[in-house]
Amino acid sequence: MNPSIKLLLLLVIALEISFTMIISLNVALVVLAIIYLGLHGTKLKTLAWLLVVPLLPAIGLWSTQYINGSGDKTLMAWVLFTRIYAFVFTGATFTLTTNILQLADALEQNWHLPSKFAYGVLAAYNLVPKIQHEVKVIRAAGLMRGQQLSFWSPQLYFKAILVSINWSQNLAQAMASHGFVEDAPRTHYRHSAVHARDWIILGLGIIGMQIGVFVIPWH
Amino acid sequence: MATITLHNLTFSYPEAVAPILDQVNLTFASGQFTLLTGPSGTGKSTLLKLMTGLLSLPANQGSISFNQTNLAAIVPTDRAAQVALMFQNPNQQFAMDTVENELIFALENRQLPPQQMPQRLTAALDFVGISHLRHRHLNHLSGGEKQKVALAVIVAMDSDVILLDEPFASVDPTARASLLRRLVRLRDEAGKTIILADHDLTDYEPLIDNVVRITAEHTLAIVPQVQQPALFQAFNQRVSTHTTWPTPTSGTPLFQLKQVTLQQAQHQLLEPTDLTIYQHQTTLITGPNGSGKSTLFEALVRLQAFSGQLTYLGNDIQKLKRKAYARQVALLFQDAETQFLNITVAEELAQCQKYAYGDYFTPAHIDAALQQLNLAGHQDQVIYTLSEGQKKKLQILLMLIMQSPVLLLDEPLKGLDLASINALVQLLQTTLAATQQTLIIISHQLTGLTPLIDCHLRFDQHQLQYQEVT
């Protein structure tokens with residue numbers, strides 16, 4: 001499925017469940033998401049993590065609402081509890097099955113976003129593991145110079161920002177030296193298309209969602 | 001085929017007093033291999049960036065033309081067809097995740113029809129001899145491998161002029177020779193014009209057509225044929241030295257490796273190894289790119305996971321307090337900028353003096369060292385505007401001032417010219433004599449370094465062992 005259409009559908013779903021209070025709908029979305037992830041070969045361990053990690057915020061929201069809420073406290077508490085899971089699992093259907101490169105391709109080719117933006121995001125994404133390692137290295141470098149850089153030390157952030165600015169400049173130069181010119185036409189090796197099938201899935205998804213919200217008498 | 005003409009080229013950086021290039025006039029003939037040389041910090045990188053259009057030349061500051069067409073008048077999308085630049089720092093020239101995707105990115109920018117891409121891609125990788133790296137992640141490649149990928153991109157883009165800015169600073173001799181062979185073939189078979197900036201002139205003599213030097217007057221001069229042998233002579237000596245280093249057997253063990261293995265991603269770098277490195281000996285580590293030398297250093301300072309046991313003076317390093325251990329064992333990072341914590345040179349020096357573990361470096365000593373390293377007068381400069389060579393020298397000075405009992409140096413001579421190397425080795429020798437530190441050095445470049453070395457470790461084929469010759 002075209003990643004940009006998938007993202008669009010998920011945004012619609014997320015927006016809609018933010019304004020509805022149907023517990024069964026949230027649960028149904030989680031179940032559908034699990035089925036989808038299962039079909040895409042997601043490991044059981046990953047699924048288990050997705051269940052465990054949101055538990056704390058979900059319980060937090062549930063208890064806040066249950067203790068301090070107004071109106072139908074029990075209903076609202078469970079709505080919020082299941083909503084968190086619905087967000088996490090529908091989100092996971094995107095993040096766990098879509099390659100960032102495919103998304104960049106779709107944004108550039110199907111939605112005609114400036115290629116600078118698409119590739120900038122991509123390059124930044126590719127830098128993330130390097131940045132994590134860099135923070136470790138900066139702290140080690142500090143220690144070797146007798147200075148402890150704690151997580152609230154401005155020097156650590158100054159250094160990290162400096163490194164980032166430097167990287168971004170070098171990256172811009174690297175892209176330019178590999179022939180990249182802002183707003184210039186490019187050819188595309190990986191062809192990203194929006195097929196009729198994508199539109200149909202989007203349409204069916206949105207219709208299904210409306211049926212779930214307005215038609216089915218959930219209890 | 002392209003001839004490059006520089007006409008009255010003048011360039012100064014906004015913060016500088018004097019122009020770094022002053023009224024440069026020169027023509028680089030088409031289809032020739034030119035070596036551009038000159039001490040670090042004299043403007044080689046600046047010139048190459050100007051010629052690529054990465055730095056734009058202000059109006060009325062002369063002109064750069066490719067086949068009589070002014071560079072400024074060439075449409076940006078056509079520039080890559082004219083000229084490509086390979087950078088000094090192998091870590092900062094890629095935008096994508098894998099080798100294949102980076103090549104595709106470049107070809108898409110050149111607007112090559114997609115159906116021609118697979119063939120062009122395969123040909124470029126084959127030409128450089130790195131077909132096996134095609135699907136690898138760029139982050140997992142060694143410096144030398146990255147430079148090979150960078151060359152493959154240039155080959156794929158098929159630019160007429162190939163500029164290389166100290167491309168071999170972090171490349172081992174084998175990879176360097178292989179890259180040089182490819183460049184010569186590009187000149188001879190495809191008629192490319194090649195301009196390569198380097199200060200280490202080893203092995204170039206039989207390959208190149210011209211030598212151009214950056215002069216003290218900030219201009220370029222062609223070195224006449226008769227003077228060239230003298231220029232190369234200084235570098236050829238290293239080939240003829242047959243130094244042997246004994247395998248150490250006695251002394252205080254500094255580091256002890258017990259069944260240590262190293263791994264990067266799914267790649268095994270070091271098989272289970274038992275080894276002792278001794279105190280007060282300067283140990284040199286050599287080995288091909290990607291063998292795992294830097295990873296070993298990162299493991300020694302606990303920036304990299306390893307299995308087995310590693311002890312420092314008999315204590316398991318995993319059990320030592322991070323802070324206390326960092327005061328004992330410091331690493332000189334391969335990338336100089338990693339070491340810096342402040343903004344100006346003076347601030348960095350002050351920081352080190354404040355936290356130094358010994359008092360050998362008095363202000364007078366530091367001034368003398370700055371003179372010796374040709375860094376005097378730069379105290380108020382922002383570190384990040386120093387040239388790569390100046391950064392390297394400052395970085396080493398800072399770590400010497402700290403006087404940690406053990407200093408691991410990862411490619412300390414990277415990007416330095418011969419004069420700087422000699423000054424640096426001298427400084428290291430006098431400092432060592434006074435402070436009794438232990439140095440462990442990774443270096444590809446041995447010119448000038450040999451007087452320092454007591455013993456030699458070879459890291460190759462997943463093995464790390466003492467060897468008498470390099």
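Axes here are lines fitted to C-alpha atoms, for helices over the stretch in contact, and the angles between N-to-C directions run from 0 to 180 degrees. I note at the start that this is a predicted model.

**Entry one: two helices of chain A**

I looked up how helix α1 (residues 3–19) of chain A lies against helix α2 (residues 23–39) of chain A, and I found that they pack at an angle of about 155°, with their axes 11 Å apart. Because angles over 145 degrees count as roughly antiparallel, I wrote down α1(A) as roughly antiparallel to α2(A). I then turned to the handedness, and α1(A) passes α2(A) in a left-handed crossing.

Next I asked myself which residues make the contact. From α1(A) they are K6(A), I13(A) and I17(A), while α2(A) brings L25(A), N26(A), L29(A) and Y36(A). Sorting the residues of this contact of α1(A) with α2(A) by character, I have five nonpolar, one polar and one charged.

**Entry two: chain A against chain B**

I moved on to the two chains, where 45 residues of chain A are in contact with 58 residues of chain B. Between them, chain A and chain B bury about 4500 Å², and 58% of that area is on carbon and sulfur atoms. In chain A, the residues that lose the most area to chain B are M144(A), R145(A) and H178(A), which together account for 21% of what that side buries.

How many salt bridges are there between chain A and chain B? I noted a count of two. In a salt bridge that I looked up by name, the side chain of R145(A) meets that of E348(B), at 2.4 Å from N to O. I marked R145(A) in my notes, as this residue is also among those of chain A that lose the most area to chain B.

Conventions. Residues numbered from 1 in each chain as written. Chains lettered and ligands numbered in written order. Predicted model: local features only at pLDDT ≥ 70, side-chain atom pairs only at ≥ 80, totals over all residues. Heavy atoms only, no water. Helix = DSSP H or I, 4+ residues; strand = E, 2+ residues; numbered from the N terminus. Parallel < 35°, antiparallel > 145°, perpendicular 65-115°, else oblique. Left-handed = near helix turned anticlockwise from the far one by under 90°. Contact = heavy atoms within 4.5 Å. Nonpolar A, V, L, I, M, F, W, Y, C, P; charged D, E, K, R; others polar. Buried area = accessible area lost by both parts, 1.4 Å probe. Salt bridge = Lys/Arg side-chain N within 4 Å of Asp/Glu carboxyl O.
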